[in-house]
Amino acid sequence: MSKLTLTRRALLISGVASGVLMGTNLAAMGETPPGVLVVGQIAEPKALDPAAVTAVNDFRILMNVYDGLVRYKSGTLEVEPALAQSWTISEDGKTYTFKLRDGVKFHDGSPFDAEAVVFNFQRMLDDTHPYHHTGPFPLAFFFSSVDKVEATDATTVTFTLKEPYAPFLSNLAYPTGLIVSPTAVKKFDKDFGRNPVGTGPFVFKEWRPNEAVVVEGNPDYWDTPTTLKAVIFRPITDANTRVAEMLAGGIDLMVEVPPVALKEFQNASYHLVEQAGPHLWFLILNCASGPFKDKRVRQAANYAINKEALVNDVLEGTATVAAGPTPAAFAWAHDDSLQPYPYDPEKAKALIKEAGAEGAEVVFYVTDGGSGMLDPVPMGTAIQADLKAVGLNAKIETFEWNTFLGKVNPGLDANGAHVDMAEMAWMTNDPDTLPYLALRTDAWPDKGGFNSGYYSNPEVDKLLNEARTSTDQAKRAELYKKMQVIVHDDAPWVFVANWKQNAVSNDKVSDFTLQPSFFLLLKDVKKA
Amino acid sequence: MGGYILKRLLLAIPVIFGITVIVFLIMAMIPGDPATAILGSYATPDNVAKINRDLGLDKPLVTRYFIWLWNMLHGDFGTSFSLNRPVIDEVLERFNNTLILAGTSFVMCTVLGIIAGSISAARQYGFADKAITFVVLLGISIPSFFLGMMMILFFAVDLRWLPVSGMYAIYGGGDLPDLIRHLTMPALALAVVATGVVARLSRSAMLEVLRQDFIRTARAKGVGEGRVIWGHALRAAMVSIIPVLGIQAGFVLSGAVYIEIVFQWPGIGRMLVDAILQRDILLVQGGVVFVAACYVIFNIIVDVAQSLLDPRIKT
């Protein structure tokens with residue numbers, strides 16, 4: 001073999017290779033045709049069985065393939081009819097009777113009726129149901145208050161609750177309450193999650209693992225059908241790569257744009273939309289021991305932290321300052337008169353001095369990521385600096401998300417450790433959820449709740465218990481507003497931010513909006 | 001030769017067994033559990049206990065290990081809870097994708113590295129040697145994930161010559177040219193460091209061989225310079241290059257983790273990272289054991305190849 005032939009061969013090979021590359025370039029790089037929308041997802045979905053999944057990422061697909069009995073009215077967190085045309089609630093708040101929409105069919109042609117609804121809830125809730133093994137159903141507890149589900153006639157379903165439970169309707173609007181085709185569950189059994197069949201505006205077409213989930217427009221949809229031919233959901237786990245795909249035209253729409261990448265999209269070629277949601281980013285303060293046992297020091301922390309700066313500088317405007325424990329997105333239950341603690345380091349210093357906590361050391365748990373945690377490390381560092389300025393020395397300890405939850409959820413004084421404060425974020429679908437699970441005395445970690453900072457106020461407990469059992473929305477609103485005022489003053493948390501979810505689309509996409517529920521609804525979107 | 005191979009294979013058994021113990025213990029010891037990962041904010045003790053029961057995680061550690069091992073010996077790697085499909089399906093599919101990427105990179109780094117190293121050695125201290133050395137040092141010094149990101153920005157976002165990420169076009173792709181276009185950037189980014197290492201070591205191996213008597217004899221006999229370098233010298237130098245290639249193969253496989261994340265290549269490295277973050281115990285364990293077994297087998301192949309080239313090694 002001589003040197004010359006090798007070189008010739010190498011040239012030939014590289015020539016052919018680059019020919020293949022360039023030649024196919026233009027043709028295959030051609031963008032998707034009109035009516036086909038490519039959505040950048042943040043991860044591969046786990047399954048497309050609404051009862052079996054928990055991730056917002058999966059919900060984004062599910063909400064387009066299935067319908068629930070009720071749904072959130074566009075732009076709000078208030079329920080309106082969907083597969084159920086109407087409903088009545090009994091005097092004692094324990095019996096819900098739904099009148100179902102007539103003539104609706106699942107994508108596989110089987111009829112949607114009362115029996116189908118009963119099948120759905122029994123599959124999730126009844127351990128002895130023949131298809132219960134198609135689970136596990138981790139969020140089944142959303143409906144744990146349900147005692148019985150019965151089909152009164154073909155279009156009437158009655159739910160009997162064990163006790164009055166006001167969030168029941170809004171839980172039905174949550175993805176866990178979406179209705180699947182019983183025929184398809186029986187046919188696919190444990191593989192139903194990969195062969196989803198619902199009644200929604202899009203019909204499932206195919207799932208190429210780690211590549212794409214494809215759904216097509218449903219022309220027979222009971223509500224106005226979509227004009228889109230198809231939606232392709234692409235999992236792209238790395239945020240930088242997702243941004244690059246958006247810039248290169250590989251995807252038409254992406255959610256959760258990283259704050260640092262926002263300015264790439266602030267021009268005429270893109271539409272950037274944002275929407276504040278039912279999210280709260282806060283610091284849990286240890287109300288049982290350490291300097292934060294004193295309410296004045298807790299209030300001081302609220303005064304000391306410059307929330308405007310966090311929201312504008314660290315989060316680049318992707319959040320708003322939180323006023324209290326209930327996000328403003330729950331418009332009907334939010335006390336609009338409640339003002340955020342102003343940034344007032346002098347007042348903070350005075351309060352700390354009064355409490356005799358000057359120069360105290362506080363242990364501060366920070367996470368490096370996690371659902372709804374935004375930019376937890378830079379936020380933690382900025383908070384540390386603000387506290388330092390008023391005389392509190394925060395010692396940061398950083399943990400990976402699941403490790404972090406494993407340390408914070410059991411309580412800040414659990415297992416002999418002592419932690420003074422920890423970052424936390426929640427996204428909920430009802431104003432009941434977060435305070436009920438994280439602020440009541442009966443929600444201390446040893447009692448099975450998330451009150452990791454051991455806050456306790458009997459008045460708050462009473463208000464929350466009352467609000468949960470009342471079915472009158474106006475009455476509930478009043479109780480939640482009272483609760484917010486008390487919690488705001490007691491300051492068991494530092495109320496920091498409400499996340500504004502954002503999304504960006506290219507200029508071929510129109511009529512796309514985000515919902516306060518953070519669900520991704522694509523039915524009315526158009527793509528040129 | 002048969003005995004040598006058999007001996008190496010038998011020695012591999014305790015190694016793989018040890019790996020199953022280690023990966024099982026690590027997954028059992030890291031804080032955070034699958035139930036918390038599934039439930040997130042809703043991980044109350046009651047809900048966690050129920051999920052653990054559903055996943056069979058409520059049994060004692062030792063029992064769980066032996067159930068896992070026993071099932072695995074019967075070819076059952078279990079079901080991934082985060083992907084809701086059999087671990088073995090996912091692992092094989094992902095590993096296949098990684099092999100395409102790492103294999104291409106490995107061929108690139110072998111061919112380019114040996115050619116560059118040999119030219120360097122043949123033209124020691126000449127212009128070609130200096131130019132190659134410069135480029136090689138540059139290549140070794142750039143972290144592959146950074147190089148990958150820069151390549152994306154330049155070739156995909158600015159020039160739009162190549163797709164940003166993925167393995168096939170999302171719409172109307174799926175053929176070989178489509179695969180090649182998706183493969184070019186990640187394979188190149190992954191190959192750069194390994195190419196540099198192979199080139200440097202090939203250069204020194206060749207230099208050593210070129211000083212030996214048989215090369216002088218060949219030249220004195222009138223054999224052409226091309227034949228001396230590529231025929232005689234390279235063949236002799238391969239004995240010291242092949243073990244380096246074995247190590248580089250491992251390097252390329254492990255480096256694939258970063259590259260797979262940057263380019264969203266659906267390979268096993270990205271799968272493992274996702275699985276660890278999700279605490280998908282069975283998927284992590286199955287994936288690690290599978291990759292480790294492949295690595296062990298690959299090393300045996302390299303050693304056998306080496307002993308074929310150099311009979312002195314066979315013992």
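1. In strand β18 of chain A, F495(A) is the bridge partner of F282(A). This is a predicted model, and the points below start from the strand that holds F282(A).

2. F282(A) belongs to strand β13 of chain A, residues 279-285, which is mostly covered, with 7 of its 7 residues buried. H279(A), W281(A), L283(A) and L285(A) point one way from β13(A). L280(A), F282(A) and I284(A) point the other way. The residues of both groups are buried.

3. Which strands does β13(A) pair with? One is β17 of chain A, residues 421-427, joined to β13(A) by 7 bridges. Here H279(A) has M427(A) as its bridge partner. Another is β18 of chain A, residues 493-506, with 4 bridges to β13(A). The pairing is antiparallel with β17(A) and also with β18(A).

4. The largest nonpolar core counts 226 residues. Which residues have the most contacts inside it? They are V231(A), F282(A) and V496(A). Helix α8 of chain B, residues 176-210, gives this core its largest share, 16 residues. In general, nonpolar side chains tend to be buried together in soluble globular proteins.

5. V496(A) touches three residues of the buried strand β13(A), namely W281(A), F282(A) and L283(A). Its other contacts are I305(A), K307(A), L310(A) and A322(A), leaving out residues up to four places away in sequence. Apart from the largest core lies another, of 16 residues, including M271(B), I276(B), V284(B) and V289(B).

6. Elsewhere in chain A, 4 strands form an open, antiparallel sheet in the order β4-β5-β7-β6. Its edge strands are β4(A), residues 84-89, and β6(A), residues 146-153, each of which pairs on one side only. From one strand to the next the twist averages 20°.

7. Within this sheet, β6(A) pairs with β7(A), residues 156-161, over 6 bridges in the antiparallel sense. A151(A) stands opposite V157(A) of β7(A). Helix α3 of chain A, residues 114-125, packs on the sheet and touches β5(A), residues 95-100, as well as β6(A) and β7(A). The direction of α3(A) makes about 160° with that of β6(A).

8. Is helix α9 of chain B, residues 213-220, hardly covered or mostly covered? It is hardly covered: among its 8 residues the count of buried ones is 0. Just after α9(B), G222(B) takes a positive phi of about 95°.

Notes. Residues numbered from 1 in each chain as written. Chains lettered and ligands numbered in written order. Predicted model: local features only at pLDDT ≥ 70, side-chain atom pairs only at ≥ 80, totals over all residues. Pairing = 2+ DSSP bridges. Helix = DSSP H or I, 4+ residues; strand = E, 2+ residues; numbered from the N terminus. Axes fitted to C-alpha atoms, helices over the stretch in contact; angles between N-to-C directions. Contact = placed C-beta atoms within 7 Å. Buried ≥ 20, exposed ≤ 12 C-beta atoms within 10 Å, placed from the backbone. Core = buried A, V, L, I, M, F, W, Y, C linked by C-beta atoms within 7 Å.
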